[in-house]
Amino acid sequence: MRIYLDVCDVCHDPGRLAKIYTVSVDDRSGETCRCEEHGSELEFIISQAESESKEEESAPVRPTRAARGRPLKVTTIEAFEAEKKTTKSPPARKARGSRAR
Ligand SMILES: [Zn+2]
């Protein structure tokens, strides 16, 4: 009977559940088997990378939502025309009307 066990590369303790981590730098990569204790640093790096990727995914969503509110008011032709009419036409009519009458 054969039993294959993944044991930690550091403590070699068969009683500890070990996970295989793939480490890579530039074009080189290697695998290391670590238990929970000796893989804590690698787990920390992974958790950091996960939180960063989550921030990257949610980051573009927030600005677009905030940006949508602002451009809509400016881009809306009706609002833009209404602003033009309210600011330009009343004084022009008053000036012309007062002079003509
Ligand atoms: Zn270990």
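## The hairpin

Let's start with a turn: strand 1 and strand 2 make a hairpin, with two residues sitting between them. One residue in that turn, Asp26, has a positive phi of about 50°. Bear in mind that this is a predicted model.

How do the two strands run relative to each other, parallel or antiparallel? Strand 1 (residues 18–25) and strand 2 (residues 28–35) are antiparallel, and eight bridges join them. You can follow the pairing residue by residue: Ala18 faces Cys35 of strand 2, while Ser24 stands opposite Ser29, also in strand 2.

## The chain as a whole

Now step back from the hairpin. The chain has two strands and two helices, and if you walk along from the N terminus you meet them in the order β-β-α-α.

How much of the chain counts as buried? Just 5% of the 101 residues do. As for contacts, take those between residues at least 6 apart in sequence: 27% of them link residues at least 24 apart.

## How far to trust it

The mean pLDDT of the chain is 79, with 66% of the residues at 70 or more. That confidence varies from element to element: strand 2 has the highest mean, at 96, and helix 2 (residues 77–100) has the lowest, at 67.

It's worth keeping a general caution in mind here: where pLDDT is low, predicted coordinates shouldn't be read in detail.

Terms used: Residues numbered from 1 in each chain as written. Predicted model: local features only at pLDDT ≥ 70, side-chain atom pairs only at ≥ 80, totals over all residues. Pairing = 2+ DSSP bridges. Helix = DSSP H or I, 4+ residues; strand = E, 2+ residues; numbered from the N terminus. pLDDT = per-residue confidence, 0-100. Buried ≥ 20, exposed ≤ 12 C-beta atoms within 10 Å, placed from the backbone. Contact = placed C-beta atoms within 7 Å.
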